[in-house]
Amino acid sequence: LVLVDGAVEPRVAAVVVPTREGHGVYAAGGRRALGRQLTEHLARDFDRVLLPRSWRVVDELPRDARGKTAAGALQAIVRDDSPEETKQPRRPEVLASHREPGLTVVEWRVPKDLAFLEGHFPGHPVVAGVVQVHWVMGVLEESLGAPPRLASLEALKFHQVLGPGERVRLRLETGPDGERFRFTLVDAARPQRTFSSGRGLLERQP
């Protein structure tokens, strides 16, 4: 287990080496199925807040020259980043957050050296729409406690250009059924200035 930064708050992630039985579950249903089964097992003895929010499957745990497994090596696996890539942030800086049933509000600052700014566009860097949606889905994953499976994304609009150094506020609303969500990303200092907005539908959980 390793603690990693999340879009709202730190979260617990797990890097696992499955048994033969575990590999069978992984082969049949993927990482989500294996993670769900392990979560159900751990939930018998641990509070939900202590359970891993994400899972990574490896053939063996990384070990250094002394045979130890370093937290940094596990964090790199969880983030799917190499040590070189982690020099440039891929997530916004979390300034504040608030969560209640059905609503999450997060304030971010876009790093000026954000990795996703490279090549988009030279001389006039902007945060691409797909990156903004990726960040929203990261917050949604933390709210649900599992990676969301998107069925559809509707009314998606990009109103203003989002650039490096901007301070923004995300408002994410989720329906009581856990399947519908709506988000807006606005300027934290001038809420009437909207960067992006949309609503979506998640696949029904089995």
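Is Q132 buried or exposed? Here are a few points to follow as you look at the structure.

1. Start with how far to trust the picture. This is a predicted model, with a mean pLDDT of 85 for the protein, and 93% of its residues reach 70 or more. Take care with residues 81-86, where pLDDT stays under 50 and the model has four contacts beyond four places in sequence. Where pLDDT is low, the predicted coordinates should not be read in detail.

2. Now to the opening question. Q132 counts as buried because its relative accessibility is 3%, and buried means under 20%. You will find Q132 in helix α3, which covers residues 129-144.

3. Next, see what surrounds Q132. Beyond its neighbours within four places in sequence, Q132 is in contact with V127, F158, L162, L185, F195 and S196. Of special interest is S196: 64 residues separate it from Q132 in sequence, yet their C-alpha atoms are 7.9 Å apart in space.

4. Follow L162 from there. Setting aside neighbours within four places in sequence, L162 is in contact with Q132, and also with V110, V126, V127, V168, L185 and F195.

5. Finally, look at the nonpolar cores. The largest has 23 residues, and W108, V127, W135, L162, L170, L172 and F181 have the most contacts inside it. Two or more of its residues come from each of β5 (103-109), α3, β7 (167-174), β8 (180-187) and β9 (194-202). Helix α3 gives the largest share, seven residues. There is also a second, separate core of seven residues, including V2, A13, V58 and V78. In soluble globular proteins, nonpolar side chains tend to be buried together.

Technical notes:
Residues are numbered from 1 along each chain as its sequence is written. This is a predicted model: local features need pLDDT of at least 70, side-chain atom pairs count only at pLDDT 80 or more; totals for chains, interfaces and linings use all residues. Side-chain values use heavy atoms; hydrogens and water are left out. pLDDT is the predictor's confidence in each residue, from 0 to 100. Contact means heavy atoms within 4.5 Å. Helices (H or I, at least four residues) and strands (E, at least two) are DSSP runs, numbered from the N terminus. Buried means under 20% relative accessible area, exposed over 50%, partly exposed in between (1.4 Å probe, protein chains only). A nonpolar core is a set of buried Ala, Val, Leu, Ile, Met, Phe, Trp, Tyr and Cys residues joined through side-chain atoms within 4.5 Å.
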